Amino acid sequence: MTNLGPNDVTRVLPVVTPDAFDAAFPEKAKRRLLPWPPPRQHEPQMRRGNDLPPPTPEPLASLEGRNVSAWFGTHQVLDRVSLTMPAGVITSLIGPSGCGKSTFLRILNRMHELVPSASLAGEVLLDGQDIYDAERKLVDARKSIGMVFQKPNPFPAMSIYDNVIAGLKLTGIRADNDRKDFLVESSLQKAGLWKEVKDRLRSPGGGLSGGQQQRLCIARSLAVMPRVLLMDEPCSALDPTSTRVIEETMLQLVSDVTIVIVTHNMQQAQRVSQQCAFFLASQGTPGLIVEHGDTEAMFDSPIDPRTFDYVNGRFG
Ligand SMILES: Nc1ncnc2c1ncn2[C@@H]1O[C@H](COP(=O)(O)OP(=O)(O)OP(=O)(O)O)[C@@H](O)[C@H]1O
Ligand SMILES: [Mg+2]
């Protein structure tokens, strides 16, 4: 489904001013009781205050999956996967296609449940609190745990500025105009895009290059001040230069936000991540983690022979 943004509205309603109305219907002029202009019912809600915390960084958060299993219908795709993704660290998830990396990532911010046939078991703890707890709201999990996808997905007709703050409305966060300006600049700075776009913030997001669009999506995720950023193969559609810029951005960001990245690029996993988990689904069986730990050790001296074969390009 195509996502529509505010700039996609094409229908313009005719405006009848009160003076024109009064001139046309003088006998009704006195009886016109409606206030003019009519009270606006949408945006002012956003302008009354700031729901965001002050712009001081929140403490870094850890994320932990405990005994996570997943199904699509009756097809089990993950079997009791447990993994701790430490605070302030980049954790990479590696493994052959179809072993459940993206499914695991989507479970980490409650996106798996959007698929009608999908179900899951287990717990996901953000700083020790289960995000699936019945008391906790879905939107809170999405606010705290952002996601960047393989294919950059900005709203193409929406301005760069509005793209960055699009997540505020979607997650019900109020911010006044000053705060929005601040968020736009700081999020674009953190995403490494500010210098390239600061003079064209009102141009459409769709006019940026692929690498710039991906950084715009990173900025959009950062604007709601997440504590964890999940990235599903964020560079797989990008050229080497854009890939390098995103990797540098990630290394800068990790002092503010815990990062989990899925990648098929073994060099990338080694360049950016301190922790690594190797997923595998043997023929016909659900995915599980074969080995996880310090990235350098996983690549230099893996314990499991299957990890050795995978990181050395022998399969997958
Ligand atoms: N929406 C869906 N409906 C049914 N099955 C699905 C759905 N999404 C994924 N699957 C199945 O779940 C399993 C895990 O898929 P997933 O996308 O998590 O793998 P992956 O490790 O991310 O693969 P890749 O590296 O190719 O992205 C696969 O067998 C896949 O076919
Ligand atoms: Mg995937």
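Trainee: Which strands form the open sheet of 4 strands, and in what order?

Mentor: Happy to start there, keeping in mind that this is a predicted model. The pairing in this open sheet is antiparallel. Reading across its 4 strands, the order is S2-S1-S4-S5.

Trainee: Which strands stand at the edges of that sheet, and why is one side of each left without a neighbour?

Mentor: Look for strands that have a single partner strand. Each edge strand pairs with just one other, so one side of it has no neighbour in the sheet. The two in question are S2 (75–85) and S5 (129–130).

Trainee: What is the bridge partner of Leu126 in S5?

Mentor: Strand S4 covers residues 118–126. S4 and S5 pair in the antiparallel sense, over 2 bridges. In S5, the partner of Leu126 is Gln129.

Trainee: Which helix lies across S1, S2 and S4, and at what angle does that helix run to S1?

Mentor: Strand S1 spans 63–72, and the helix you want spans residues 101–108. This helix is H4, and its angle to S1 is about 120 degrees.

Trainee: How many residues of H4 are buried?

Mentor: H4 is mostly covered. Its buried residues include Lys101 and Arg106 as well as Phe104, Leu105, Ile107 and Leu108. For context, 37% of the 316 residues of the protein count as buried. For H4, the count is 8 of 8.

Trainee: Which residue with positive phi follows H4?

Mentor: Its phi is near 65 degrees. The residue is Arg110.

Trainee: Which helix gives the most to the shell around ligand 1?

Mentor: The residues around ligand 1 include Gly95, Ser97, Gly98, Cys99 and Gly100, along with Lys101, Ser102 and Thr103. Phe72, Val77 and Val115 are also among them. With 3 residues, the top contributor is H4.

Trainee: How do the residues of that shell divide into nonpolar, polar and charged?

Mentor: One of the residues around the ligand is Lys101, and Lys counts as charged. The full division is 4 nonpolar, 6 polar and 1 charged.

Trainee: What is the strand order in the open sheet of 6 strands?

Mentor: Here the pairing is mixed. The edge strands, each pairing on one side only, are S6 (145–148) and S10 (288–294). Neighbouring strands are turned by 15 degrees against each other on average, direction ignored. The order is S6-S7-S8-S3-S9-S10.

Trainee: Which residue of S8 does Leu229 stand opposite?

Mentor: Strand S7 covers residues 228–232 and S8 covers residues 258–262. The two run parallel and are joined by 5 bridges. Opposite Leu229 stands Ile259.

Trainee: Which helix lies across S6 and S7?

Mentor: Look at residues 210–222. This helix runs at about 170 degrees to S6. The helix is H9.

Trainee: How do H6 and H7 stand to each other, and why?

Mentor: The axes of H6 (residues 160–170) and H7 (residues 177–190) come within 10 Å and cross at roughly 95 degrees. Angles of 65 to 115 degrees count as roughly perpendicular. Therefore H6 and H7 are roughly perpendicular to each other.

Trainee: Which residues of H6 and H7 make the contact?

Mentor: By class, the contact has 6 nonpolar, 1 polar and 1 charged residues. H7 brings Lys180, Leu183, Val184, Ser187 and Leu188. From H6 come Tyr161, Val164 and Ile165.

Note on methods:
Residues numbered from 1 in each chain as written. Chains lettered and ligands numbered in written order. Predicted model: local features only at pLDDT ≥ 70, side-chain atom pairs only at ≥ 80, totals over all residues. Near = placed C-beta within 6 Å. Pairing = 2+ DSSP bridges. Contact = placed C-beta atoms within 7 Å. Axes fitted to C-alpha atoms, helices over the stretch in contact; angles between N-to-C directions. Buried ≥ 20, exposed ≤ 12 C-beta atoms within 10 Å, placed from the backbone. Parallel < 35°, antiparallel > 145°, perpendicular 65-115°, else oblique.
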